[in-house]
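The following report describes a single chain and the surroundings of its ligand. Please keep the sequence and the coordinates at hand while reading.

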Amino acid sequence: MVDLKELHKQFVLAHLGEGEVAVDFTMGNGNDTLFLSRTVGEQGRVYAFDIQEEALKSTRDRLTAENAPENYTLICASHHRVREFVREPIKAGMFNLGYLPGSGRKGVTTLRQTTMAAVEAAIEMLLPDGVLIVAIYPGHEEGELEGEMLREYFSTLSRYQICPSLFRILNSPTSPYFFLVEKSAKAPMPTLSTE
Ligand SMILES: C[S@@+](CC[C@H](N)C(=O)[O-])C[C@H]1O[C@@H](n2cnc3c(N)ncnc32)[C@H](O)[C@@H]1O
């Protein structure tokens, strides 16, 4: 059976390598942060965002226990503020939208307005040949609405610069699914204005 999280990694690995810069836009328990940290290695950099201190603690503990390279910056702030904290272009970004697994606080979830702002910023900050993964959880109402919003938005982007695709299990409509967003190798370099 298809393993969506393995597919996320395979697509990221097709674009991201040692010494590059990546962002985990929804740190949670740090699974994606750990994967990104190992992928870019000692010479790379990983920035990870979450609005809950609990996520930072859980991720810090995980990265330490797993001996991850010390190439990460954990940031307690909403991902829509990414430009305030990340002052360089990025090669990859991962969004795993929704709420912190195992926390029991399903109310603390990603929300359309800030998700949209963060995804727009991420696309602007992406280097040519960069990649974003945006995982959607349509089993709760806000997750379903985030997915619809992003599907509409991605459909409007210039196909000469951005290739957005959708990976979904067709006979299981409430299962998670994801968008793969690839920037053309011929796209212009991003500008880093904070305006
Ligand atoms: C599904 S979990 C992420 C799982 C994570 N990738 C992992 O590997 O464990 C979603 C996370 O997004 C966080 N979150 C919610 N709103 C956010 C925001 N505006 N900015 C950054 N993180 C946010 C939640 O606190 C939660 O920890």
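G28 counts as buried, because 22 C-beta neighbours lie inside 10 Å of this residue, and the cut-off for that class is 20 or more. The model in which G28 is described here is a predicted one. The place of G28 is in the loop between strand 1 and helix 2, and, when residues up to four places away in sequence are not counted, G28 touches D50, A55, N96, L100 and P101.

One of these contacts, N96, lies in strand 4 and likewise counts as buried, with 23 C-beta neighbours inside 10 Å. Leaving aside residues up to four places away in sequence, N96 touches T26, G28, D32 and A135. The two residues can each be set against a partner that is remote along the chain, as the table shows.

| Pair | Separation in sequence | C-alpha to C-alpha distance |
|---|---|---|
| G28 and S103 | 75 residues | 9.7 Å |
| N96 and S158 | 62 residues | 24 Å |

**The ligand shell**

Both G28 and N96 belong to the set of residues that come nearest to the ligand, a set that also holds T26, N31 and L100, out of 22 residues around the ligand. Helix 2 (31-40) and strand 2 (45-50) are the elements that give two or more residues to this shell. Sorted by class, the shell is made up of 13 polar, seven nonpolar and two charged residues.

**Strand 4 and its partners**

Why can strand 4, residues 90-96, be called largely enclosed by the rest of the structure? Seven of its seven residues are buried, and therefore the description applies to strand 4. On one hand, strand 4 is joined by three bridges to strand 1 (residues 21-24), the two running parallel, and within this pairing A22 stands opposite A92 of strand 4. On the other hand, six bridges join strand 4 to strand 5 (residues 126-136), again in parallel, with M94 standing opposite I133 of strand 5. Strand 4 and strand 5, taken together with helix 5 (residues 112-125), make a β-α-β unit that is right-handed.

**The sheet and its helices**

These pairings form part of an open sheet of seven strands, whose order is 3-2-1-4-5-7-6 and whose pairing is mixed. Strand 3 (72-76) and strand 6 (162-167) stand at the edges with a single partner strand each, so that one side of each is left without a neighbour in the sheet. From one strand to the next the twist averages 15°.

Helix 1 (residues 4-13) packs on the sheet, where helix 1 touches strand 4, strand 5, strand 6 and strand 7 (177-183), and its direction makes about 175° with that of strand 5. Helix 2, the element that follows the loop holding G28, lies across strand 1, strand 2, strand 3 and strand 4 and runs at about 170° to strand 2. Strand 4 is thus named among the strands touched by helix 1 and among those that helix 2 lies across.

Definitions and conventions: Residues numbered from 1 in each chain as written. Predicted model: local features only at pLDDT ≥ 70, side-chain atom pairs only at ≥ 80, totals over all residues. Buried ≥ 20, exposed ≤ 12 C-beta atoms within 10 Å, placed from the backbone. Helix = DSSP H or I, 4+ residues; strand = E, 2+ residues; numbered from the N terminus. Pairing = 2+ DSSP bridges. Right-handed = clockwise from strand over helix to strand, strands pointing away. Near = placed C-beta within 6 Å. Nonpolar A, V, L, I, M, F, W, Y, C, P; charged D, E, K, R; others polar. Axes fitted to C-alpha atoms, helices over the stretch in contact; angles between N-to-C directions. Contact = placed C-beta atoms within 7 Å.
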